[in-house]
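Dear colleague,

Please find below the sequence and structure that I am handing over to you. My findings follow directly after them.

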Amino acid sequence: MSAITVRVPAKVNLQLAVGPLREDGYHDLVNVFHAVSIFDEVTAAEPGDVSAATPPLTVRIEGESAGEVPANDDNLAVRAARALAGRAGRSYRADLLIRKSIPVAGGMAGGSADAAAALVACNELWGLGLPPEDLMEIAADVGSDVPFALFGGTAVGTGRGERLSRLETSGSFHWVFALADGGLSTPRVYGECDRLREEAGTDPGRPVASEPLLAALREGDAVALGRALTNDLQPAALSLRPSLAHTLHAGDELGALGSLVSGSGPTCAFLAASETHAAEIAAGLKNAEGCRAAVTATGPVPGAEVVG
Ligand SMILES: C[C@](O)(CO)[C@H](O)COP(=O)(O)OP(=O)(O)OC[C@H]1O[C@@H](n2ccc(N)nc2=O)[C@H](O)[C@@H]1O
Ligand SMILES: Nc1ncnc2c1ncn2[C@@H]1O[C@H](COP(=O)(O)OP(=O)(O)OP(=O)(O)O)[C@@H](O)[C@H]1O
C-alpha cells in the first residue's frame, strides 16, 4: 500500500473540571470528551523523493486555515509520526498531507486529531502492526488530547486527560459550533484560570465527574445534558476574549438547550434539540458578535479510522 488516508474527528468537552496546578505544570482533570462530526483527513504516502537531502517526514496542509498551521517538524502530525518511528526503533519516511476542517487553536483539539490520524496512518503505511494500546501510549506522550482522538465516541479522561474510560450514551446529539476569528493558546488559558483562582482566593479541590451529566448521556436526554454542561476554563477564556460572552448569550436567546466554551476556546458550542433546531441556531448565530461562522455537527462519532 503506497498511501493511507485516515479521517479523525474534532472534540467538544461536555464537562471540564480542572484541579489545582501540579508540580509538572499540568492540571488533574475530569474531562468528558465527546467526538463530533467535524473531520480532518490525514494521508500518509510513501515519499516520491528519497534523496538524502529530503527530510524523512514532510507535511503539507490544505484547507481554509492552512496558513495558520506549521508545515515543518513542529506540526503535531509530524511529531506523532516521529514518535512512532522512534518506538519502532528506526527511521521511516512518509509524506503527510493534512486536509483541515477543524478550527485551528479553537479548543476542538485539531492538532491533536491530526497527530492521532498520523499515528494510525503511519502504523499502517509502515506495516508496524502496533496494537491500539501501544498507539494510545505514544499518543499520550504527544499531547493530553491525542489519546481521545484515537478513542472517539464519548469518554471520561482523568490524569492530564489522557487516561480514558468509555461512557455509555444513547442516540445522537445535535450541536452548533460558533467559530471565532483567531485562536486562544491552551497554556495561556490554563494560566489565566490559575490567575483568576488565585485572585479570588478559591481552592478548586479534586475534580469530580458530574452525575447528572453522566445520567443525561446514558439516557440520551438532550434537555438534561444541556443543563449539565460545564467548563472550568470558561471564565479564563472569557477573561481573555470578552466578546465570547455575546456569542454565548446569542445562542441562549436562540433557544439552545445548553451553551459553553469548547475546551480552551474560543469556539463556543451549543446543544440543539434536533437537526432543524441546530440549523436555526446556526443561521441566527451568523450575525452574533464574536462569531465568524457557525457550523452544525452531531456526536458521538468514532475516533481516527482508515478511510482509504
Ligand atoms: C483544554 C483541553 O483541550 C481539554 O480537552 C486539554 O486539556 C488540552 O490538551 P492539549 O492541547 O493536548 O494539551 P498538552 O499539549 O498536553 O499541554 C499543553 C499545555 O496545556 C496545559 N495543560 C494541559 C493539560 C492539562 N491537563 N493541564 C494543563 O495545564 C499545560 O500548560 C501544558 O503545557
Ligand atoms: N496539525 C496541526 N493542526 C493545527 N495546529 C497545529 C498542528 N500542528 C501544530 N499546530 C499548532 O498547535 C497550535 C494549537 O492548535 P490546535 O488546533 O490543536 O488547538 P486547540 O484545538 O485549541 O487544541 P486543544 O483543544 O487540544 O487545546 C496551533 O496554534 C498551531 O500552531
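**Surroundings of ligand 1**

The shell around ligand 1 is made up of six nonpolar, eleven polar and two charged residues. Please bear in mind throughout that this is a predicted model. In total, 19 residues surround ligand 1, and the closest are Gly143, Ser144, Asp145, Pro187 and Gly263. Two or more residues of this shell come from each of strand S1 (3-21), strand S2 (27-45) and helix H5 (186-200). Domain 1 (3-167) and domain 2 (173-299) both contribute residues to the shell, and ligand 1 therefore lies between them.

**Surroundings of ligand 2**

Ligand 2 is surrounded by 22 residues, of which Leu76, Ala109, Gly110, Gly111 and Asp114 are the closest. By class, this shell holds nine nonpolar, ten polar and three charged residues. Helix H1 (76-88) and helix H2 (110-125) each provide at least two of its residues. The greatest contribution is that of H2, with four residues. Ligand 2 also lies between the two domains, because domain 1 (3-167) and domain 2 (173-299) both give residues to its shell.

**The two domains**

The protein chain is divided into domain 1 (3-167) and domain 2 (173-299). Taken over C-alpha atoms, the centres of domain 1 and domain 2 are separated by 23 Å. Contact between them involves 30 residues of domain 1 and 34 residues of domain 2. On the side of domain 1 that touches domain 2, at least two residues are supplied by each of S1, S2 and strand S5 (154-158). That side of domain 1 comprises 20 nonpolar residues, nine polar residues and one charged residue.

S1 and S2 thus appear in two settings: they give residues to the shell around ligand 1, and they supply residues to the side of domain 1 that touches domain 2.

**The annotated region and its helices**

An unreviewed UniProt entry places the feature "domain: GHMP kinase N-terminal" at residues 75-153. Over residues 75-153, the chain is 58% helix and 8% strand, and the C-alpha atoms at the two ends are 25 Å apart.

Two helix pairs deserve a description here. Two packed helices are described by the angle between their axes and the distance between the axes.

For the first pair, the axes of H1 and H2 come within 7 Å and cross at roughly 40°. The crossing in which H1 passes H2 is right-handed. On the H1 side, the contact is made by Leu76, Ala77, Arg79, Ala80, Ala81 and Leu84. The H2 side consists of Gly111, Ser112, Asp114, Ala115, Ala117, Ala118, Leu119, Cys122 and Asn123. Ten nonpolar, three polar and two charged residues make up this contact of H1 with H2. Leu76 of H1 and Gly111 and Asp114 of H2, which take part in this contact, are also among the closest residues to ligand 2.

For the second pair, H2 and helix H3 (residues 132-142) pack at an angle of about 145°, with their axes 10 Å apart. The crossing of H2 and H3 is right-handed. H2 contributes Ala115, Ala116, Leu119, Val120 and Asn123 to the contact, while H3 contributes Leu135, Ile138, Ala139 and Val142. The contact of H2 with H3 has eight nonpolar residues, one polar residue and no charged residues. Ala115, Leu119 and Asn123 of H2 serve in the contact with H1 and also in the contact with H3.

Yours sincerely

Definitions and conventions
Residues numbered from 1 in each chain as written. Chains lettered and ligands numbered in written order. Predicted model: local features only at pLDDT ≥ 70, side-chain atom pairs only at ≥ 80, totals over all residues. Near = placed C-beta within 6 Å. Nonpolar A, V, L, I, M, F, W, Y, C, P; charged D, E, K, R; others polar. Domains from an automatic or database assignment. Axes fitted to C-alpha atoms, helices over the stretch in contact; angles between N-to-C directions. Left-handed = near helix turned anticlockwise from the far one by under 90°. Contact = placed C-beta atoms within 7 Å. UniProt positions renumbered as here; feature names shortened; annotations may be inferred.
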